[in-house]
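The following paragraphs are meant to be read beside the sequence and the coordinates. They move from one charged pair to the others, and then to the packing of the helices.

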Amino acid sequence: MRELKQYDDAIAAYSKSIEMKPDFFWAWFRLGRCHFFKQDNDKALEFLKKAKELDPEKFPKLLRSDEEFDSITELEDLKQLFEG
């Protein structure tokens, strides 16, 4: 759904996944990405922080390898998340 830019549907699906499995890293990470694509940076930050808490080693590697996040690193509020 995210790839089809159906972000609201993707958000609903990832949210349901989190209800069923609250420690599901990928759901938190992808939920953050969907909010980023919707330009809701506050929510994106909230969900990405949770993903980082769940897997602090995997998280920064994913961010560095994901070209879609290049523009988000310029936002001051989100910079710290990418530096860890």
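With a relative accessibility of 58%, E53 counts as exposed, because the threshold for that class is over 50%. The model in which this value was computed is a predicted one. E53 forms a salt bridge with K50, and the closest N and O atoms of the pair are 4.0 Å apart. Both residues belong to helix α3, where they are three residues apart, or about one turn of the helix. K50, for its part, is partly exposed, its relative accessible area being 27%. Side chains of opposite charge can pair when their charged atoms come close.

A second pair, in helix α1, can be described in similar terms. Here the side chains of E19 and K16 meet in a salt bridge, with an N to O distance of 3.9 Å. Because E19 and K16 are three residues apart in helix α1, about one helical turn separates them. E19 counts as exposed at 60% relative accessibility, while K16, with a relative accessible area of 46%, is partly exposed.

What do the side chains of K38 and D8 form where they meet? They form a salt bridge, at 2.4 Å from N to O, and this pair links distant parts of the chain, since K38 sits in the loop between α2 (25-37) and α3 (41-54) whereas D8 sits in helix α1 (residues 7-20), 30 residues apart. K38 is partly exposed, having a relative accessible area of 38%. The count of salt bridges in the model comes to four, and the three pairs described here are among them.

The loop that holds K38 also contains Q39, which lies between α2 and α3. Most residues other than glycine have a negative phi. Q39, although it is not a glycine, has a positive phi of about 65°, and at 68% relative accessibility Q39 counts as exposed.

Helix α2, which Q39 follows, is a different setting as far as accessibility is concerned. Ten of the 13 residues of α2 are buried, so the helix is largely enclosed by the rest of the structure; the buried residues include F25, W28, F29, L31 and F36, and also R33 and H35. As to its length, the 13 residues of α2 should span 18 Å at 1.5 Å a residue, and the 19 Å between its end C-alpha atoms agrees with that expectation.

How are α2 and α3 arranged with respect to one another, parallel or antiparallel? The two helices pack at an angle of about 160°, with their axes 7 Å apart, which makes α2 roughly antiparallel to α3. The crossing in which α2 passes α3 is left-handed. On the α2 side, the residues that meet α3 are F25, W28, F29, L31, G32, R33, H35 and F36, and they are met on the α3 side by N41, K43, A44, F47, L48, K50, A51 and L54. K50 thus appears in this list of contacts as well as in the salt bridge with E53.

H35 offers a closer view of this packing. This residue of helix α2 counts as buried, because its relative accessibility is 8% and the cut-off for burial is under 20%. Neighbours within four places in sequence being left aside, H35 is in contact with I11, D40, K43, A44 and F47. Of these partners, K43, A44 and F47 are also listed among the α3 residues that meet α2.

Key. Residues are numbered from 1 along each chain as its sequence is written. This is a predicted model: local features need pLDDT of at least 70, side-chain atom pairs count only at pLDDT 80 or more; totals for chains, interfaces and linings use all residues. Side-chain values use heavy atoms; hydrogens and water are left out. Helices (H or I, at least four residues) and strands (E, at least two) are DSSP runs, numbered from the N terminus. Buried means under 20% relative accessible area, exposed over 50%, partly exposed in between (1.4 Å probe, protein chains only). The expected span of a helix is 1.5 Å times one less than its number of residues. Axes are lines fitted to C-alpha atoms, for helices over the stretch in contact, and angles run from 0 to 180 degrees between N-to-C directions. Angles under 35 degrees count as roughly parallel, over 145 as roughly antiparallel, 65 to 115 as roughly perpendicular and the rest as oblique. A crossing is left-handed if the near helix is turned anticlockwise from the far one by less than a right angle, and right-handed if clockwise. Contact means heavy atoms within 4.5 Å.
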